[in-house]
Amino acid sequence: MKPHDFNQIIDRHNTGSVKWDFLDRYLQLNQTDLLPMWISDFDFQCPEEIQQALHTRVNHGIFGYSERDDNYYQAAIDWFSKRHQLTLSRDWFTSIEGVIPGLALLLQMLSKPGEGVVVQGPYYGSFAKIITMNDRVIIENPLLESPEGYQIDYGHLEQVLEQHRPPLLLLCNPHNPTGRCWNHDELTRLLTLCKKYGATVISDEIWADLILPGKTFTSVLHLGNEWHSNVIAATSASKTFGLSSLRISNFLIPDPGLRRAFIDRLNAHGLDVFNSLSMTAATAAYQHGSLWFDELQNHLAENRRWLEQAIAHTLPWCQMTKAEGTYLAWLDCRALGLDDDALQLALLQKAKIAVSMGRNFGDRGKGFIRINLGCPRQYLEKVITGLIQLTP
């Protein structure tokens, strides 16, 4: 099979794309001349093997009630075994249409209104949404900036755990938006503190596959049985293969009591039927997507290298955060001396790009912007051309 052309420009307009067709609704923008670099999905076609599997399923023509079959489970188990040397038990799998809905249900299950949930800022905006809209309280454990990438502030974490006794910590690993991948020692130290103070760790690991060359992903499930009563890991093929709208995710729950309680909650909400096309896509992705994904990783790594070099050569006011994973670039624009409103206005009117503003990731994101690297190189060239217009 010929190599995939990740630099091919594919027109995504008029496909119901949130990124390309709904800037006005989601970002309250009326401009039509903007390059959308904000939402984290790919501007590439997914692997041909997934497309073929979907065509075959659609051609069958019957779409009755569907359930996960043996192939669905085994494909995921084999993928994590080969890619991450992580042994998963089929018994651990629970499934729901999307990671964020699953996190919200777990939040409802494991905490009470008014209780706190720990997040590590700058934090994914949807974490804040599900916490506050479910009448829980955000307890922020801000990450520490360093030249080697963001670090966990364990002293502060212990303070908030001891003071507030929150029942939950939402971990993001690899971390969105900073790109940090928490290693074995960091996770062990975090889990030790959470267990000491009675907080369950729910680890959003949707970015697990998207690791930079030479880096390693460590799941909370890598750490061994002693932690299994205190951890839940959320996974999906959606980020890895560009399947965001074919929603299905797996929550891996080793503890039988937690798992049974979550399954009961899914049933209580009528979430006991699965989309046949979503399962077909996820299964085909894990079974047949390796070669495509290896090529993708090379493209994403080269995009990151190119953007970092271009910023260093042309944008003295911008610093690109050192990352180990994701396909996101977290850019420090604080040297411009602009508040976030002025920064966004400059990006829209001068640079002509729509980005994810850092303030949407909490106070620790102010002065930053997030750029999506999952695109053809030509888009990044336009980003640099635009950002040059902001140079004082």
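These legends describe a predicted model of a protein, first whole and then in close-up views.

**Figure 1. The whole protein, with 14 helices and 13 strands.** The radius of gyration is 21 Å, close to the 21 Å that the globule rule gives for 392 residues, so the protein is as compact as a globular protein of that length. Along its principal axes, the C-alpha trace spans about 60 × 60 × 40 Å. Of the 392 residues, 57% are buried. Take the contacts with a separation of 6 or more: residues 24 or more positions apart account for 74% of them.

**Figure 2. The surface and charges of the protein.** The protein exposes about 17200 Å². Carbon and sulfur atoms supply 48% of that area. There are 35 positive side chains and 43 negative ones. The centres of the two sets lie 2 Å apart.

**Figure 3. Asn 303 in helix H12.** Helix H12 covers residues 290-314, and Asn 303 has its place there. Is Asn 303 buried or exposed? Its relative accessible area is 0%, so Asn 303 is buried. Which backbone oxygens does its side chain reach? One belongs to Leu 373, at 2.9 Å. Another belongs to Cys 375, also at 2.9 Å. Leaving out residues up to four places away in sequence, Asn 303 touches Leu 373, Cys 375, Arg 377 and Leu 380.

**Figure 4. Leu 157 in helix H7.** Helix H7 runs over residues 154-164 and holds Leu 157. The relative accessible area of Leu 157 is 0%, under the 20% cut-off, so this residue counts as buried. Which residues are in contact with Leu 157, leaving aside its neighbours within four places in sequence? They are Val 118, Asn 141, Leu 169, Leu 190 and Leu 193. Pro 101 is 56 residues from Leu 157 along the chain. The C-alpha atoms of Leu 157 and Pro 101 are separated by 26 Å.

**Figure 5. Helix H6 and its buried residues.** Helix H6 spans residues 125-133. Which residues of H6 are buried? Ser 126, Phe 127, Ala 128, Ile 130 and Ile 131 are. Several elements help to cover them. Among them are helix H5 (99-110) and strand E3 (116-119). The cover also includes E4, E5 and strand E6 (200-204). H6 is followed by Asp 135, the subject of the next view.

**Figure 6. Asp 135 and Arg 165, each with a positive phi.** Asp 135 lies in the loop between helix H6 and strand E4 (137-140). Its phi is near 65°, a positive value in a residue other than glycine. Is Asp 135 buried or exposed? Asp 135 has 53% relative accessibility, and the cut-off for exposed is over 50%, so Asp 135 counts as exposed. Arg 165 lies in the loop between H7 and E5. Phi of Arg 165 is near 50°, again positive in a residue other than glycine. At 49% relative accessibility, Arg 165 falls between the 20% and 50% cut-offs, so Arg 165 counts as partly exposed.

**Figure 7. Cis peptide bonds at Pro 174 and Pro 177.** Where is Pro 174? Its place is in the loop between strand E5 (168-172) and helix H8 (184-196). Pro 177 is found in the loop between E5 and H8 as well. A cis peptide bond joins Asn 173 and Pro 174, with omega about -5°. Another cis peptide bond joins Asn 176 and Pro 177. Omega there is about 25°.

**Figure 8. Arg 180 in the loop between E5 and H8.** Is Arg 180 buried or exposed? Its relative accessibility is 4%, under the 20% cut-off, so Arg 180 counts as buried. What does Arg 180 touch, not counting residues up to four places away in sequence? The list includes Glu 148, Gly 149, Tyr 150 and Gln 151. Asn 173, Pro 174 and His 175 are also on it, along with Glu 186 and Glu 324. With Glu 324, the side chain of Arg 180 makes a polar contact of 2.6 Å. Glu 148 is 32 residues from Arg 180 in sequence. In space, the two are 9.5 Å apart, C-alpha to C-alpha.

Notes
Residues numbered from 1 in each chain as written. Predicted model: local features only at pLDDT ≥ 70, side-chain atom pairs only at ≥ 80, totals over all residues. Heavy atoms only, no water. Helix = DSSP H or I, 4+ residues; strand = E, 2+ residues; numbered from the N terminus. Buried < 20%, exposed > 50% of the residue type's maximum accessible area, 1.4 Å probe, protein only. Polar contact = N/O pair within 3.5 Å; in protein donor to acceptor, adjacent residues only side chain to side chain. Contact = heavy atoms within 4.5 Å. Rg over C-alpha atoms; globule rule 2.2 N^0.38 Å. Areas by Shrake-Rupley, 256 points an atom, 1.4 Å probe, with all protein chains shown as cover. Lys, Arg positive; Asp, Glu negative; His and termini not counted. Charge placed at Lys NZ, Arg CZ, Asp CG, Glu CD.
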